[in-house]
Amino acid sequence: MKPDKIKRAPVLIVGGGGHAAVVAEAARYTREVVGFLDDDPHAALPAQKLNRLGALSDITADFAPLFIVAIGDNTTRRQVHQQCLELTAGRMQAVDIIHPRAFVSLTSQWHGGTFAAPGAIVHSSAVIGAGVILNSASVVEHDCCIGAFSHIAPGAVLGGNVNTGEEAFIGLGARVLPGITIGARAIVGAGAVVTRDVSPGETVKGMPAR
């Protein structure tokens, strides 16, 4: 699909929980949201007045040409994202949903399926992997590289040239100093100040983070 058509095309939300409600609300600023899919038959998004269209296995490009997986857990989001691509045989594309009150540098690079919440900031030459969550008021400074399916929680700040591996989680209000590497599936606790590299799968917390 051509870029100009992607900007206007409707989107299907995959997920029916609280994060899905937030993503759907943001998406509606720029495009039609056709509904949502969730395996729970009782899932509902009443405030958004969206209909549940079925389970994940019911996904089809007949719903919409675009989708975004709106699930908070990093590993689950990755798995469902891949399932969506496989079940539609590539006939649907993962789309980035960027709230109009987020700031995104024109020189940043995005890889599809990422959500940027209100107040999120992405500066020059940052690279955002597929399926990332950039939550409310998070800051990704210049030349950062955020691994696919990571989550930068509300108020977290990443200094310039920070790199995260895939499925990393940076907690609420955490600070990561410039040039630090956060390994894949590592967890940085809320309010932590990270002054050293964090190994893959490691959990750190505190000031400085240990």
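Lys and Arg count as positive here and Asp and Glu as negative, while His and the chain ends are not counted. Each charge is placed at NZ of Lys, CZ of Arg, CG of Asp or CD of Glu. On that basis, the mean positions of the 17 positive and 17 negative charges of the protein chain are 5 Å apart.

This is a predicted model: local features need pLDDT of at least 70, side-chain atom pairs count only at pLDDT 80 or more, and totals for chains, interfaces and linings use all residues. Residues are numbered from 1 along each chain as its sequence is written, and side-chain values use heavy atoms, with hydrogens and water left out.

**Overall form**

The radius of gyration is taken over C-alpha atoms, and the globule rule is 2.2 Å times the number of residues to the power 0.38. For 210 residues a compact globule would have a value near 17 Å; the protein chain has 17 Å, which agrees. The C-alpha trace spans about 50 × 35 × 30 Å along its principal axes.

Buried residues (under 20% relative accessible area; exposed is over 50%, partly exposed in between; 1.4 Å probe, protein chains only) make up 49% of the 210 residues. The accessible surface (Shrake-Rupley method, 1.4 Å probe) comes to about 9,400 Å², and 54% of it belongs to carbon and sulfur atoms. Contact means heavy atoms within 4.5 Å. Of the contacts between residues at least 6 apart in sequence, 27% join residues at least 24 apart.

**Sheets**

The protein chain holds 3 helices and 23 strands. These are DSSP runs numbered from the N terminus: helices are H or I with at least four residues, strands are E with at least two. Two strands pair if DSSP finds at least two bridges between them.

| Open sheet | Strand order | Pairing |
|---|---|---|
| 6 strands | 7-10-13-16-19-22 | parallel |
| 7 strands | 6-9-12-15-18-21-23 | parallel |

In the sheet of 6 strands, strand 7 (103-104) and strand 22 (193-194) each have a single partner strand, so one side of each lacks a neighbour in the sheet. In the sheet of 7 strands, strand 6 (97-98) and strand 23 (203-204) are the edges for the matching reason: each has a single partner strand.

Strand 7 joins strand 10 (residues 121-122) through 2 bridges. Phe 103 has Ile 121 as its bridge partner there. Strand 12 (residues 133-134) and strand 15 (residues 151-152) are also joined by 2 bridges and run parallel. Here Ile 133 is partnered by His 151.

**His 19**

His 19 sits in helix 2 (residues 18-27). Its relative accessibility is 17%, so His 19 counts as buried. Leaving aside residues up to four places away in sequence, His 19 touches Ala 70, Ile 71, Gly 72, Phe 115 and Ile 133.
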